[in-house]
Amino acid sequence: MIFIDWWSPHGHICFNKSFFNALGLKKQMLYVFDEELTLENQEVVCFNIKSRFLRFLKVLNICISNRNKKVIFLTYDPIFIPILNILSSNIFLM
């Protein structure tokens, strides 16, 4: 499974820790857009992209390159998520 914290708000570090701990998930791939959201026991890839459209392009690339895996969004952009749903049926929103 692939996890994406699209908006990556600063306070989300506690949510992400609790989420992965509650489900007992370790060594899952998590994509974030804020270095402060790096978690222990997870494989975290961080991007420093402020532009809403460029984030969409990065997320689109992640979804396309992982189209055979489940992609779970911890946060998402409601404007662009319908486009991603057209491209893949393995997309889930939290």
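Which residues does Trp 6 touch, not counting residues up to four places away in sequence? Let's work that out, then try three more exercises.

A quick note before starting: this is a predicted model, where local features need pLDDT of at least 70, side-chain atom pairs count only at pLDDT 80 or more, and totals for chains, interfaces and linings use all residues. Residues are numbered from 1 along each chain as its sequence is written, and side-chain values use heavy atoms, with hydrogens and water left out.

**Exercise 1. List the neighbours of Trp 6 and place Trp 6 in a core.**

Step 1: Contact means heavy atoms within 4.5 Å. On that basis Trp 6 touches Phe 33, Arg 55, Phe 56, Val 59, Phe 73, Thr 75, Tyr 76, Asp 77, Phe 80, Ile 81 and Leu 84.

Step 2: Look for a nonpolar core, that is, a set of buried Ala, Val, Leu, Ile, Met, Phe, Trp, Tyr and Cys residues joined through side-chain atoms within 4.5 Å. Buried means under 20% relative accessible area, exposed over 50%, and partly exposed in between (1.4 Å probe, protein chains only). The largest core has 19 residues, and Trp 6 is among those with the most contacts inside it, along with Ile 4, Val 59, Cys 63, Phe 73 and Leu 84.

Step 3: See who supplies that core. Helices (H or I, at least four residues) and strands (E, at least two) are DSSP runs, numbered from the N terminus. β1 (2-5), β2 (29-32), α2 (52-65), β4 (71-75) and α3 each give at least two residues, and α2 gives the most, with 5.

**Exercise 2. Describe the surroundings of β1.**

Step 1: Check both faces. Ile 2 and Ile 4 on one side are buried, and so are Phe 3 and Asp 5 on the other.

Step 2: Find a partner. Two strands pair if DSSP finds at least two bridges between them; β1 and β2 pair in the parallel sense over 4 bridges. Ile 4 stands opposite Tyr 31 in β2.

**Exercise 3. Compare two residues with positive phi: which is buried and which is exposed?**

Step 1: Recall that most residues other than glycine have a negative phi.

Step 2: Ser 8, in the loop between β1 and α1 (12-23), has a positive phi of about 50 degrees. Ser 8 is buried because its relative accessible area is 5%.

Step 3: Lys 27, in the loop between α1 and β2, has a phi near 55 degrees. Lys 27 is exposed, since its relative accessible area is 57%.

**Exercise 4. Decide whether Ile 86 is buried or exposed.**

Step 1: Locate Ile 86: helix α3.

Step 2: Ile 86 has 71% relative accessibility, so Ile 86 counts as exposed.
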